[in-house]
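The following paragraphs lead from a single side chain outward to the fold as a whole. Please keep the sequence and the coordinates at hand while reading.

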Amino acid sequence: MDENFLLETKTSQELFHNHAAKMPIIDYHCHLIPEMVANDHQFKSITELWLGGDHYKWRAMRTNGVDERFCTGKDTSDWEKFEKWAETVPYTFRNPLYHWTHLELKTAFGIDKLLSPKTAREIFDECNEKLKQPGYTACGFMRRYNVECVCTTDDPIDDLRYHKQTRESGFEIKMIPAWRPDKAMNIEKPEFPEYVNKLGEVAGVTINKFADMVDALQKRHDFFHENGCRLSDHGIEEFYDEPYTDSQIETIFEKAMRKQQLSAQEVRQFKHCILRIFAEQDFASDWTQQYHYGAIRDNNSLMYDKLGADTGFDSIGEFTTAKAMSKFLDRLNSNGKLTKTILYNLNPCANEVIATMLGNFQDGSVPGKIQFGSGWWFLDQKDGMEKQMNALSLLGLLSRFVGMLTDSRSFLSYPRHEYFRRTLCNLLGNDVENGEIPAEEMARVQQMVEDICYNNAKKFFNF
């Protein structure tokens, strides 16, 4: 993993080192804990920093036969957990975790050694010694990686106190909230009534009917806007197009609040309705809306870790979802209420579906108004990134892509941006050297790299 890691040609190397590497990071979708930024959290060990909430590592450890107490248990020490991860790492060849692990060690701690049982104690002690130093805190890592802005993921009932505290502290890196109202949409969940009551309490609205809930959500939407929010995000299994009437939605809402069983059709009608309302609120506030679709979540009720699974749509299932997505976007567009949109899929078989869907709703008002989101979750690795960018290149304009994000709660996940940038530069550099992009257009290619890494996101989100 030298300086030219993943860079196969001289042109790729020039593009990365002279253009991509220098660009600041706009991490427009992450799961950082705002309190840790506000209080500039000092990590007690590399285990807390690295394994404290990393579902990817936990999955690999379990698959390698590691007992759960070394992943999320409370009766094991930081060293014992780290040791089990070090034992797992040599088994992760060809998994992106192997690359990420060593990129993080190198870029955050200056450690070039390979992590294994032989080097575990040495690396553990060296990282922990450095974590005692001032620059190795939550804010310190953000500065180290040249982060300019992060957008956290926040529920409508959140008070955003830590965003305000961070702004008032004078911290030079922006931390902006992003609206994630999934709990208000998940009417089939047993906890839905309690959530609605809490929403009403926070918004100062007595919620007796669905219209009251919409009023409460609008008040919280306004509150988020006042606190700098300009993006929403929605984690959905699929898009919905079931027809409904206002009276039907009121009846469905009342049944849910009484904890009565809802039919599958009623659930889908409600989700369609509330998702449309969310989109219209975003349009009115000139926000960007993001849709992460295709994950079946909370699969194993016995695990602490609730990592998702791919829906595994076959071609018919994906076709059905695409039609619903098209109808949903078309209805908003026909009513003049389609705001800037980013679509992320979890199943790679949908890459071409998304890439072609973009062109249906571009209107010339904003470059890349409808975006194909970067490789997400299980796809944010070299193969997934390449396939996403290839589909976008063939069916849209890669030049207008807003680039990578971490989608992580870890302060050591920023090397994913470097990983993405190396992959991007390798694709373009190979094209130049293969004669597929004219060598005399290098200035345009260089600008394209800088745009995808930073400039496009800067302009698109207008932070």
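With the side chain of which residue does the side chain of Arg416 make a polar contact? In this predicted model, the partner is the side chain of Asp380, at 3.4 Å. The side chain of Arg416 also reaches a backbone atom, the oxygen of Thr406, at 3.1 Å.

Arg416 belongs to helix α18, which covers residues 415–433. Its relative accessible area is 3%, and because the cut-off for a buried residue is under 20%, Arg416 counts as buried. When neighbours within four places in sequence are set aside, the residues in contact with Arg416 are Tyr56, Trp100, Asp380, Met385, Met404, Thr406 and Ser408. Asp380 and Thr406, the two polar partners described above, thus appear again among these contacts.

Attention may now turn to the internal voids. The model holds two cavities of 30 Å³ or more. The largest cavity contains about 50 Å³ of space. Its lining consists of Ile26, Tyr28, Val402, Gly403, Met404, His417, Phe420, Arg421, Ile452, Cys453 and Ala457. Met404 is therefore a residue to note, because it lines this cavity and is also in contact with the buried Arg416. Helix α18 and helix α19 (442–461) each contribute at least two residues to the lining. By character, the lining residues comprise eight nonpolar, two polar and one charged.

The second largest cavity holds about 40 Å³. Asn345, Asn351, Phe372, Gly373, Ser374, Gly375, Trp376, Leu379, Gly384 and Gln388 form its lining. Here the division is three nonpolar and seven polar residues, with no charged residue.

Helices α18 and α19 also have a part in covering another element. In helix α1 (residues 10–20), the buried residues are Thr11, Ser12, Gln13, Leu15, Phe16, His19 and Ala20. The cover over these buried residues of α1 includes both α18 and α19.

At the level of the whole protein, there are 19 helices and nine strands. The radius of gyration is 23 Å, close to the 23 Å that the globule rule gives for 463 residues, so the protein is as compact as a globular protein of that length. The C-alpha trace spans about 65 × 60 × 45 Å along its principal axes. Of the 463 residues, 57% are buried. Among contacts with a separation of 6 or more, 77% come from residues 24 or more positions apart.

Note on methods
Residues numbered from 1 in each chain as written. Predicted model: local features only at pLDDT ≥ 70, side-chain atom pairs only at ≥ 80, totals over all residues. Heavy atoms only, no water. Helix = DSSP H or I, 4+ residues; strand = E, 2+ residues; numbered from the N terminus. Buried < 20%, exposed > 50% of the residue type's maximum accessible area, 1.4 Å probe, protein only. Polar contact = N/O pair within 3.5 Å; in protein donor to acceptor, adjacent residues only side chain to side chain. Contact = heavy atoms within 4.5 Å. 1 Å grid on protein atoms, 1.4 Å probe; cavity = no way out; pocket = protein on both sides within 12 Å on 5 of 7 lines; lining within 4 Å. Points joined across faces, edges and corners; volume = space filled by probe spheres on them. Nonpolar A, V, L, I, M, F, W, Y, C, P; charged D, E, K, R; others polar. Rg over C-alpha atoms; globule rule 2.2 N^0.38 Å.
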